[in-house]
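The following explanation leads the reader through a single protein chain, from its helical framework to its surface. Please keep the sequence and the model in view while reading.

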Amino acid sequence: PEPWRTRLIAPVLVYGVALSINRILFGGHFLSDVLMSWGLVAAITGALYALLRPMAEPRLSARPA
C-alpha cells in the first residue's frame with residue numbers, strides 16, 4: 001500500500017545489504033556477484049516500473065480524494 005512505501009524503504013534496504021554481506025562473508029558469493037545482482041534487480045525493477053506505471057495512471061487519478 002502507498003502509505004507503507006516510504007516507511008519500509010530503509011528497513012528493506014538494510015535487510016538486503018545485510019543478506020548480501022552475509023553471503024559474501026560466508027563464501028556463498030563474491031562481491032562482484034552481489035553488485036551484479038543489485039544492478040540487475042535495479043534494471044529489471046526500473047524497466048517494469050516504466051512499463052507498468054502508465055497502466056496504473058488512470059486508476060490512480062480516478063481515486064476519490
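In this predicted model, the length of helix α1 can be checked against its residue count. Its 24 residues, at 1.5 Å a residue, should span 34 Å, and the C-alpha atoms at its ends lie 35 Å apart, which agrees. The expected figure is 34 Å because the rise is multiplied by one less than the number of residues.

Helix α1 nevertheless carries a bend of about 50° at L8. A proline, P11, follows that position within four residues. At the other end, just after α1, G27 adopts a positive phi of about 80°.

As a whole, the protein chain contains two helices and zero strands. The helices are α1, covering 2-25, and α2, covering 31-61. Of the 65 residues in the chain, 5% are buried. The accessible surface of the chain amounts to about 5,800 Å², and carbon and sulfur atoms account for 74% of that area.

Two residues of α1 illustrate opposite degrees of exposure. S20 is located in helix α1. Its relative accessible area is 13%, so S20 counts as buried, the limit for that class being under 20%. When neighbours within four places in sequence are set aside, S20 is in contact with V34 and W38.

L25 also has its place in helix α1. With a relative accessible area of 68%, L25 is exposed, because that class begins over 50%.

L25 further belongs to a nonpolar surface patch of about 770 Å², which V17, I21, F26, L31, L35 and W38 complete. Both helices take part in this patch: α1 and α2 each supply at least two of its residues. W38 thus appears in two settings, as a contact of S20 and as a member of the nonpolar patch.

Key
Residues are numbered from 1 along each chain as its sequence is written. This is a predicted model: local features need pLDDT of at least 70, side-chain atom pairs count only at pLDDT 80 or more; totals for chains, interfaces and linings use all residues. Side-chain values use heavy atoms; hydrogens and water are left out. Patches are made of residues with over 30% relative accessible area and no salt bridge: like charges are joined within 9 Å, nonpolar side chains (Val, Leu, Ile, Met, Phe, Trp, Tyr) within 5 Å. Accessible areas come from the Shrake-Rupley method with a 1.4 Å probe; for residues, only the protein chains shown count as cover. A salt bridge is a side-chain nitrogen of Lys or Arg within 4 Å of a carboxyl oxygen of Asp or Glu. Buried means under 20% relative accessible area, exposed over 50%, partly exposed in between (1.4 Å probe, protein chains only). Contact means heavy atoms within 4.5 Å. The bend at a residue is the angle between axes fitted to the seven residues ending there and the seven starting there.
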